[in-house]
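Let's take a friendly walk through a protein model together. Have the structure open beside you as you read.

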Amino acid sequence: MIGKTVQRGIAVLLALAAALPAAPAAADPVPPRPAPAAPALVPGVPLSPLHPWQWQLDTPDQALLPYVYRPSAAEDAIEPVDAPPGSDALVEYVPPSEVVPKAAAAACTKRAGPYQRQAERHLGRPADGRQSVADCRAIRAFQRKQGIRPAIGFAGPVTWARMRLLDARENPTATKKCPTRAYRLACVDLSQQLMWVKQGEKVLLGPVPIRTGRAGYPTRTGWHKVYWKHKNHWSSLYDTPMPYSQFFDGGQAFHAIYGNVYSPPGSRGCVNMRLSDAKALWKTLLKGDRVYVWGRKPGT
């Protein structure tokens, strides 16, 4: 009797379960929404119209060896033209909202730049990576002293590059990463974006700021040798001048650009320099001199 009652109860439960609506299937997990990308940085002051060749700052690694010949004395006697006034001005890269028409009229920014912590450390401020009124005033005072525009206290790539240069001038060989040799040696530090020339422990030139290969077009590391010097070289790939070119590895060369060596994202492999620095290097290095490249360009 009890067995039949249990059987009838089970049957009723099964019937009720069949009548209930099916449970909805579990939804596929939703992937987390990616964090918004950091806003791109742009020159912080309205720029005047550029000379046509200034649009071609991404000078090439020509991949193939350039056509090498011995320039005549008459050709070598021609000096590259001077850079247009203001073409290598220290213009900081800031978020678009921080662009100002006149640096002198700009208020201190409340935004922390990508190199906030490094700037704080350089200036002896608490290195917490957060912008404060005192931080901004200290960074702004540094920018004004160095002629960086806009002087709004935003710790961007130009401000940090200038700080690195000033630190390196005190002792460029402090890192001990460039070997010491009895002969002339050009030292290229990709990590710090600086180069100098030394012989033994004596620094012959620099350090000076440089602009090396961007992501995908690295300036090749290791030992190289200056194999061709061409004062008035012209890139056939990009139809742009490469004054005071000194080729040391394939199509990669030291050479001047008519523009800002701090401008992102970088060259196509060459070591870009300010015109005055490239001219000084031209007089310092000779064909056959060695070049040592190490490190990694930030952002590559």
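## Starting with a buried cysteine

This is a predicted model. A good place to begin is Cys 136, which counts as buried because its relative accessibility is 1%, below the 20% cut-off for that word. Its bonding partner is Cys 108: the two form a disulfide, with sulfur atoms 2.2 Å apart. If the word is new to you, a disulfide is a covalent bond between the sulfur atoms of two cysteines.

Which parts of the chain does this pair tie together? Cys 108 lies in the loop between strand E2 (93–94) and helix H3 (116–122), while Cys 136 belongs to helix H4 (residues 133–146), so the bond ties together parts that are 28 residues apart in sequence. Cys 108 has a relative accessibility of 29%, so this cysteine counts as partly exposed. The link of Cys 108 and Cys 136 is left-handed, with -110 degrees about the S-S bond.

## The other disulfide

There are two disulfides in the structure. Besides the pair you have just met, Cys 178 is joined to Cys 187, with an S to S distance of 2.0 Å. The torsion about the S-S bond of Cys 178 and Cys 187 is about -75 degrees, so this disulfide is left-handed. Are these two cysteines buried or exposed? Cys 178 is buried, and Cys 187 is buried too.

Now number the bonded cysteines in sequence order, and the pairing reads 1-2, 3-4. Another cysteine to look for is Cys 270, which counts as buried because its relative accessibility is 0%.

## The protein as a whole

Let's zoom out for a moment. The protein has six helices and eleven strands. Of its 300 residues, 45% are buried. The protein exposes about 16,500 Å², and carbon and sulfur atoms supply 59% of that area.

How much of the contact list comes from residues 24 or more positions apart? Among contacts with a separation of 6 or more, such residues account for 66%.

## Aromatic rings

Next, look for the flat rings. The structure holds ten aromatic pairs. One of them is formed by Tyr 67 and Tyr 69, which are stacked, 5.6 Å centre to centre and with 25 degrees between the planes. Tyr 67 has a relative accessible area of 66%, so this tyrosine is exposed. Tyr 69 is partly exposed because its relative accessible area is 28%. Both tyrosines belong to one aromatic cluster, together with Tyr 227, Trp 228 and Phe 247.

Rings can also have a charge above them. The charged end of Lys 229 sits over the ring of Trp 282, at 4.2 Å from its centre. In a similar spirit, Arg 268 lies over the face of Tyr 217, 4.7 Å from the ring centre.

## Salt bridges

Side chains of opposite charge can pair when their charged atoms come close. The count here comes to six salt bridges. One of them joins Arg 130 and Asp 128, whose closest N and O atoms are 3.6 Å apart. Arg 130 has a relative accessible area of 57%, so this arginine is exposed. Asp 128, at 28% relative accessibility, counts as partly exposed.

What do Asp 289 and Arg 184 form where their side chains meet? They form a salt bridge, with a distance of 2.7 Å from N to O. This pair links distant parts of the chain, 105 residues apart: Asp 289 is in the loop between helix H6 (275–284) and strand E11 (290–294), and Arg 184 is in strand E3 (residues 184–189). Asp 289 is buried, with a relative accessible area of 9%, whereas Arg 184 counts as partly exposed at 21% relative accessibility.

Finally, find Arg 220 and Asp 249, which form a salt bridge with their closest N and O atoms 2.5 Å apart. Arg 220 lies in the loop between strand E5 (202–209) and strand E6 (222–225), and Asp 249 lies in strand E8 (residues 240–249), so this bridge ties together parts that are 29 residues apart in sequence. Arg 220 has a relative accessible area of 32%, so this residue is partly exposed.

Key:
Residues are numbered from 1 along each chain as its sequence is written. This is a predicted model: local features need pLDDT of at least 70, side-chain atom pairs count only at pLDDT 80 or more; totals for chains, interfaces and linings use all residues. Side-chain values use heavy atoms; hydrogens and water are left out. A disulfide is a pair of cysteine sulfur atoms within 2.5 Å. Helices (H or I, at least four residues) and strands (E, at least two) are DSSP runs, numbered from the N terminus. Buried means under 20% relative accessible area, exposed over 50%, partly exposed in between (1.4 Å probe, protein chains only). Rings of Phe, Tyr and Trp (its six-membered ring) pair if their centres lie within 6.5 Å; planes under 30 degrees apart count as stacked, over 60 as edge-to-face and the rest as tilted. A charge sits over a ring if NZ of Lys or CZ of Arg is within 6 Å of the ring centre and within 35 degrees of the ring normal. Contact means heavy atoms within 4.5 Å. Accessible areas come from the Shrake-Rupley method with a 1.4 Å probe; for residues, only the protein chains shown count as cover. A salt bridge is a side-chain nitrogen of Lys or Arg within 4 Å of a carboxyl oxygen of Asp or Glu.
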